[in-house]
Structure formats: structure tokens, C-alpha cells
Amino acid sequence: MASKRKGFTWIALFAALGLVMAACGDDDDGGTAESDGTESPAGGGGSIWVLLPDTESSDRWEEDDRRYFAENFEAAGLAEGEDFTIVNAENDPATQQSQAEQAINDGASVIVLTSLDTGSGATIIDQATEADVQVLEYDRFNTGGAGGAAYVSFDNVKVGATMAEVVGPVIDGLGLPAPVRVVELNGGEEDNNSFLFKSGYDATVQERVSAGDWELVADQHVPGWDNQEALTIMEQILVDQNNGVDAVFAANDGLAASAANAIEAAGIGPLPISGQDATAEGMQNVLLGRQTMSVYKPIQDEAGLASAVALALRAGEDILTTDFDYDYELIGIEAETGQPTETPEGDGVVPYFGLVPIGVTEENMADTVIADGFRTVEEICTGDVAATTWCTENAG
């Protein structure tokens, strides 16, 4: 049965570090060093490697995730370049494979992996597991392999459902004659999360289609979450529909921006458009009316929880009984199918630490992403955005 856990992260972090230091200082425990003098990965305090995917699908990976992981590990007493390493594959699976191999050769005890696709990700997990290196799947889950030691992400079905919860009433408020023509612009099929996000908003879409209120005129995945490809796809959808589109469920802010650009170029809109990641560009587009909302997934919490779980794995702790200082649901996810399960244990099930996402609009932007320090007024209120009512009321 799913359960909520909340504990004391910093205590857990320092306790984990203390266990590691104690283990490293005891030459008689038999488990801290291999015969060649290197540390044993499993519970022996080896290094932690964080493998990030790219800089194209979202600016979050370098601007947010990297710094949060570094801050968390440094706060736990780890030194970058010695105890932890953060790298980015720049959208090249071969590069990420090479980075994983380097981590294994470096004596890593834990790899935090955000893969580029489930196939290459599953290969990395299987290779690392064979080398007794634990893999924490981060943000993106990898199907088809044995599965990692844990998965930390947001409740990805809820992410999509949040889009529908916010955008649905906006669509209804337009007073358009039925059926309202809706587009689903999904993430890449190589990313299991794309299907989870889609299942979240598609549940509402299909319900409204069955009721005769909406019509799903296009339902397409964007390979690699590529924004330029998304622009091309959206342009073609508009051509095919003779500009007969009323709303777009876009799976993240990059795809939302591409959809908005195509819509503007076609001389229609603005239209209700969803997004995700609460990027600076996404917040700007919300204030400009080019995008209705974005799903805020407090990345500091996601990276913070992942850091705590990685440190616990590094120390050899039982992550199923360790309390972490974050609000999350501890459930499970099937390694083969990528489908959530009610319990975190079982054959082929990976423990899934699922955080709760937040829908962000102009109305609650100041109380969410700004209040949390995730975004700043200064980075949002630039160019034409500076003249918006929100910026004039919140700047200075």
C-alpha cells in the first residue's frame, strides 16, 4: 500500500556520511577495500556520479539539477571531483554510456542516471548492476532492463492530470461550440515519462471526447523532446486542420513554446496551452498569454530527495525504512513496463519515490516558483515581459 514518509534529511545525510567515514576508518570490517586498494562500491563509500541527459530538452538540467546536486553533496561533506562527479551527455547516448563506464571504473558506488532513452538507460543499469554499482533512476524511468535500486521523480501521471485540471476549465471558459478541437503534443516515445504524462491529461481528454465536448484532432509524440521538431510537427498539424485547433496539451515548456510559435505564425490564438518544468521561458510565456500554465516540479526537492537516497545507498542503508525530509509517496514501478504499482517491493519492482507536482499560473506564480527561489523576478521580467502587469506589480 502506498505510504507517505517524512523524516529528517540532514540528519540522514550526515548519518550516512558518518557511517561511510566509520567504515573507511575500520580496516577490520573486511568490506571497505578491495585487494587493489580501491573502495568497495556496495556500502563502502565509493563516489557518486550524476549523469544528466542534455541541454536541449530543457534548461533545467544545467541551470537547476546540477547546482542542487552539488549543493546537497557538498553540504553532506563530499568534495566535487573526488567524492562526487556531475556530467552531461549533451544528447549523445554513446557519450552517456562512456560516462557510465568511467563512473564504474572510478569505483563509483552509486550512479544517479537521467537517461536519454530507455534502451540505452536499461543497458547502463544492467552494466552497472553487474559491476555491483547501484543505479538511482532520476526523473526518467528506464523500461526493459532489470531496473535500478530506486527511482526518484514526481508522480508523473499526476503531472499530466495537473495540466488537465488547470487547462480544462480555461478551455470551457472560452465558450466555444462543441466539439472543441484539442491537440496532444507529447514528449518522445523513447522516454517512459512521456506516456505517464500523457496518461494523466489523456484521461480528461478522452472523457470529454466521449461526452462530445472535445475532439482530439492530433495526438503526436515529439522525438527526443526536440523543440525544433515540435515546431515542425505543430505547423503540419495546423496545415492538416486548416488552422482548426482550439487548445494544446504540450508536455513541457519547450514544446509549449514551439506550439505557441507555430500558432502565432499561423495568425491564430493565443490558445490554451499547457507546459511543464516552470522554466524561465515558460513563466515568461505564461505572463505574455502565450501559455496557460506550467507544472512546477520543485527541482530542489527532487534533487534533494535523490541526493539523500543516493547517500543512503552509498552508506548501505535500507532505503525502504529510511525517513527522508520530503513529502512523497513511496510506491513501486515495474521495471519491464514502467507502470506504477501500489507497493515498493516485489519481483521486477523498483521502489518509486514520487513527489507531488504543482500547477503554476500567473495567479500563483509569486507564491510558488518565486517564493521558493526557484525562479526570480529579475530573470522573468526581461524584454517585453517587463511591461506585463505581473512584472510591474512584482518588480523592484
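Analyst: A residue is called buried when its relative accessible area is under 20%, exposed when that area is over 50%, and partly exposed in between. The model discussed here is predicted.

User: Why is Glu-379 called partly exposed, and why is Arg-375 called buried?

Analyst: Glu-379 has a relative accessible area of 29% and is therefore partly exposed, since partly exposed covers the values between 20% and 50%. Arg-375, with a relative accessible area of 3%, is buried, because buried means under 20%.

User: What makes the contact of Glu-379 and Arg-375 a salt bridge?

Analyst: A salt bridge needs a side-chain nitrogen of Lys or Arg within 4 Å of a carboxyl oxygen of Asp or Glu. The side chains of Glu-379 and Arg-375 meet with an N to O distance of 3.0 Å, so the pair satisfies the 4 Å limit. Elsewhere, salt bridges that share partners join Arg-60, Asp-65, Asp-139, Asp-277, Lys-297 and Glu-302 into one network, and a search of the whole structure finds 18 salt bridges.

User: Why are Glu-62 and Arg-66 described as separated by about one helical turn, and what makes them a salt bridge?

Analyst: Both residues belong to helix α2 (residues 60–75), and because they are 4 residues apart there, the separation is about one helical turn. Their closest N and O atoms are 2.7 Å apart, so the contact falls within the 4 Å limit. At 28%, Glu-62 is partly exposed, and Arg-66 is partly exposed at 23%.

User: Which partner in the salt bridge of Arg-67 with Asp-64 is buried, and which is partly exposed?

Analyst: Asp-64 is buried, as its relative accessibility is 1%, whereas Arg-67 is partly exposed at 32%. The closest N and O atoms of this pair are 3.2 Å apart, and the two residues, being 3 residues apart in helix α2, are separated by about one helical turn.

User: What makes the contact of Ser-274 with Ala-250 a polar contact, and why is Ser-274 called buried?

Analyst: A polar atom of the side chain of Ser-274 lies 2.9 Å from the backbone oxygen of Ala-250, and the limit for a polar contact is 3.5 Å. Ser-274 is found in the loop between α8 (253–265) and α9 (280–287), and its relative accessible area of 0% makes it buried.

User: Which residues form the negative surface patch, and why can Glu-229 count towards a patch?

Analyst: The negative patch is formed by Glu-56, Glu-90, Asp-226 and Glu-229. Patch residues must have over 30% relative accessible area and no salt bridge; Glu-229, in helix α7 (residues 227–240), has 35% and is partly exposed, so its area passes that cut-off. Glu-90, at 47%, is also partly exposed.

User: What makes the backbone of Glu-90 and Asn-91 worth noting?

Analyst: Most residues other than glycine have a negative phi. Phi of Glu-90 is near 50°, a positive value, and Asn-91 has a positive phi of about 65°. Glu-90 lies in the loop between β3 (84–88) and α3 (93–105), and Asn-91 is placed in the loop between β3 and α3.

User: Which peptide bonds are cis, from Ala-178 and from Gly-269?

Analyst: The bond from Ala-178 to Pro-179 is cis, with omega near 0°, and the bond from Gly-269 to Pro-270 is cis, with omega near 5°. Most peptide bonds are trans.

Terms used:
Residues are numbered from 1 along each chain as its sequence is written. This is a predicted model: local features need pLDDT of at least 70, side-chain atom pairs count only at pLDDT 80 or more; totals for chains, interfaces and linings use all residues. Side-chain values use heavy atoms; hydrogens and water are left out. Patches are made of residues with over 30% relative accessible area and no salt bridge: like charges are joined within 9 Å, nonpolar side chains (Val, Leu, Ile, Met, Phe, Trp, Tyr) within 5 Å. Accessible areas come from the Shrake-Rupley method with a 1.4 Å probe; for residues, only the protein chains shown count as cover. Lys and Arg count as positive and Asp and Glu as negative; His and the chain ends are not counted. The place of a charge is taken as NZ of Lys, CZ of Arg, CG of Asp or CD of Glu. Buried means under 20% relative accessible area, exposed over 50%, partly exposed in between (1.4 Å probe, protein chains only). A polar contact is a pair of N or O atoms within 3.5 Å; within protein, one must be able to donate a hydrogen and the other to accept it, and residues adjacent in sequence count only if both atoms are side-chain atoms.
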